[in-house]
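Trainee: I would like a close look at one part of this model. Please take a single helix and walk me through what surrounds it.

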Amino acid sequence: MSNAILKTERDEVLNYSHSYGENYNNDVNTMPYVLSSSTSKTGVFDNETWYGTNSSNWNEPLPIDMQFNDGHKLQIVVYSVLMVISAIGNITVLALLIKRRLKSHSRIDMMLTHLAIADLLVTFLMMPLEIGWAATVQWRAGDIMCRVMAFFRTFGLHLSSFVLVCISVDSH
């Protein structure tokens with residue numbers, strides 16, 4: 001039972017119950033198993049390989065998306081370049097709009113200011129999150145921070161879109 005890889009459906013059912021504390025062999029210490037593939041439309045697992053965490057001689061590789069690979073390197077480079085360009089561009093636009101706002105007040109300038117601020121939220125909250133996630137291939141900041149960052153990730157992207165909609169509605 002200490003073997004971490006389950007290959008058959010019969011073993012899957014047996015080890016599923018064992019991993020939730022119904023261990024019939026008291027000398028074996030089992031831990032929950034993590035599925036490496038998705039389910040099909042019928043609810044049956046397409047690939048019945050399970051990865052467990054209780055075996056000391058476990059040699060099965062993790063799926064490619066759970067390992068640091070060339071795709072993660074590319075993602076880090078692209079997000080870093082976009083973050084620098086976005087930061088420079090949006091800070092410049094924001095500074096120019098604030099200068100112009102001192103001279104005259106217009107609705108479109110106010111909305112462009114809000115768009116620049118929304119884009120800066122995406123730049124300084126979402127992009128570093130994606131870079132860190134791609135670099136570590138795991139989340140290390142805990143559950144509460146995960147929820148906060150997930151909120152800001154969604155909030156920032158929706159905020160930019162909604163400000164663009166307001167600008168387009170106002171111009172017509």
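Mentor: Let's take helix 3 and start with one partner. This is a predicted model. Helix 3 packs against helix 4, which covers residues 142–171. Their axes are 9 Å apart, and the angle is about 155 degrees. Angles over 145 degrees count as roughly antiparallel. That makes helix 3 roughly antiparallel to helix 4. The two helices meet in a left-handed crossing. Now look at the residues in this contact. Sorted by class, 20 are nonpolar, three are polar and five are charged.

Next, find the link between these two helices. Val137 sits in the loop between helix 3 and helix 4. Val137 follows helix 3. Check its backbone: phi is near 55 degrees. That is a positive value, in a residue other than glycine.

Now turn to the helix itself. Helix 3 runs over residues 107–136. It has 30 residues. From first C-alpha to last, helix 3 reaches 43 Å. That is close to the 44 Å expected at 1.5 Å a residue. Still, look along its path. There is a kink of about 25 degrees at Met126. The proline Pro128 comes shortly after that kink.

What does the record add? UniProt, in an unreviewed entry, lists residues 110–129 under "transmembrane region". In the model, that span is 100% helix and 0% strand. Its end C-alpha atoms lie 28 Å apart. The UniProt entry also gives 76–98 and 149–169 under that name. Residues 76–98 are likewise 100% helix, with 0% strand. Here the end C-alpha atoms are 32 Å apart.

One more partner remains. Helix 2 covers residues 70–103 and packs against helix 3. The angle is about 160 degrees, and the axes lie 9 Å apart. So helix 2 is roughly antiparallel to helix 3. Helix 2 passes helix 3 in a left-handed crossing. In their contact, 20 residues are nonpolar, seven are polar and four are charged.

Notice how each pairing was described. Two packed helices are described by the angle between their axes and the distance between the axes. Put the picture together on screen. Helix 3 packs with helix 2 and with helix 4. Trace helix 3 through the kink at Met126, then on to Val137 in the loop towards helix 4.

Definitions and conventions. Residues are numbered from 1 along each chain as its sequence is written. This is a predicted model: local features need pLDDT of at least 70, side-chain atom pairs count only at pLDDT 80 or more; totals for chains, interfaces and linings use all residues. Side-chain values use heavy atoms; hydrogens and water are left out. UniProt positions are given in the numbering used here, feature names are shortened, and annotations may be inferred rather than shown by experiment. Helices (H or I, at least four residues) and strands (E, at least two) are DSSP runs, numbered from the N terminus. Axes are lines fitted to C-alpha atoms, for helices over the stretch in contact, and angles run from 0 to 180 degrees between N-to-C directions. Angles under 35 degrees count as roughly parallel, over 145 as roughly antiparallel, 65 to 115 as roughly perpendicular and the rest as oblique. A crossing is left-handed if the near helix is turned anticlockwise from the far one by less than a right angle, and right-handed if clockwise. Ala, Val, Leu, Ile, Met, Phe, Trp, Tyr, Cys and Pro count as nonpolar, Asp, Glu, Lys and Arg as charged, and the others, Gly among them, as polar. The expected span of a helix is 1.5 Å times one less than its number of residues. The bend at a residue is the angle between axes fitted to the seven residues ending there and the seven starting there.
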